[in-house]
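Q: Please take a close look at the surroundings of the ligand. Which residues lie around it, and what contacts do they make?

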Amino acid sequence: MSEDELYDVIILGGGPAGLTAGIYAMRAALKTVLIEKGLPGGQVAITKDVENYPGFIEIGGFELCEKFLQHAKHYNLEIVDKEAVKTAPGIDFHSVHLVDGTVLRSQVVILAAGGTAHKLNIPGEEANFGKGVSYCATCDGFFFRGQTVAVIGGGDTALEDALYLAKITRKVYLIHRRDAFRGSRILQQRVFAEPLIEIVYNTVATEIQSNDKGVCGLSLKDTITGAERSIDTDGVFIFVGFRPNNQIVPAGIKMNTSGYVITDEKCETTIPGIFAVGDLRQKYANQIVLAAADGCTAALAAAHYIETHQGS
Ligand code: NAP
């Protein structure tokens, strides 16, 4: 990689979406570089077990990422371990500025920076991630079948995922810091009608308790009386907001009110030649398979974009 090199495609982010885009771009013989500031793999790399990626009945998140990475390296995808700090759209070429001052140019930029689940930052949360603490019910709910879980939050995600977990588990505590949910009325009505969900209003979690098998309980505090108590639980699902990593999305690209990038069906943003994929993009659901699908779509569309803009 050098400043003078001109790329066909620059991919920002090395999770399943970015790596899949890299695989497809390399197979389309596009000169491609992927920029990733940390370990490739994104959120999946820190997920303990994955049971819903087709072809793998059960696979560790890190192991699945290793497979994506090996696949991308098999096609000699160039991966640069640096932070990208700015994307500057241009007419013929877009520019990507790296933290060390290097500026790379390409015809296509694929934004694949993912997103980050908000944390509660309470004792026991980080230590028990993957051992009973989860930020994704569709990913991890199955591990708690027939058990007791606690869901924290009062938005649409908390309500929807509490309902999902009630279908799998024995009991769901739904813990919210206020006495009214933020989530939509229809989801609230479904939650109120679900006998397996016990709603605990005006309450915050203060500590996640664990033993050598993982999570075993949750310390709670009543926000009105200050009274403290503990509940037994096998899992704690935390849904207190999710932030798309949109810091590097250039001005002029349309985003929704929650900060997700709006694209067309080709994953192209409102700026031609700039694509957004994976958890950064507004779509129906965030799943590994969907992130990979986005990466594929964007790379195929990038190849078409470059072909049609060649010499223009
Ligand atoms: P959200 O709407 O921001 O809700 C976050 C919830 O977490 C709120 O109830 C908030 O409480 C609570 N919370 C925040 N910080 C907390 C803390 N430190 N301790 C305890 N509780 C805390 O987030 P979301 O549910 O992930 O939804 C994000 C967006 O996606 C929303 O626009 C939502 O409508 C959308 N979404 C839609 C669907 C659907 O339509 N099917 C499904 C999922 C998500 P307060 O209410 O007191 O602030």
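A: In sorting residues by class, Ala, Val, Leu, Ile, Met, Phe, Trp, Tyr, Cys and Pro count as nonpolar, Asp, Glu, Lys and Arg as charged, and the others, Gly among them, as polar. By this scheme, the shell around the ligand consists of three nonpolar, seven polar and five charged residues. The model is a predicted one, in which local features need pLDDT of at least 70, side-chain atom pairs count only at pLDDT 80 or more, and totals for chains, interfaces and linings use all residues. Residues are numbered from 1 along each chain as its sequence is written, and side-chain values use heavy atoms, with hydrogens and water left out.

A residue is near the ligand if one of its heavy atoms lies within 4 Å of it. Among the 15 residues around the ligand, those that come nearest are Asp 156, Thr 157, Glu 160, Arg 178 and Arg 182.

Polar contacts, that is, pairs of N or O atoms within 3.5 Å, can then be examined individually. Asp 156 places a polar side-chain atom 2.5 Å from an oxygen atom of the ligand. Arg 177 likewise has a polar side-chain atom 2.9 Å from a ligand oxygen atom. In Gly 154, a polar backbone atom is involved, and its distance from an oxygen atom of the ligand is 3.0 Å. As for coverage, the ligand on its own has 920 Å² of accessible area (Shrake-Rupley method, 1.4 Å probe), and the protein covers 64% of this area.

Key
A polar contact is a pair of N or O atoms within 3.5 Å; within protein, one must be able to donate a hydrogen and the other to accept it, and residues adjacent in sequence count only if both atoms are side-chain atoms.
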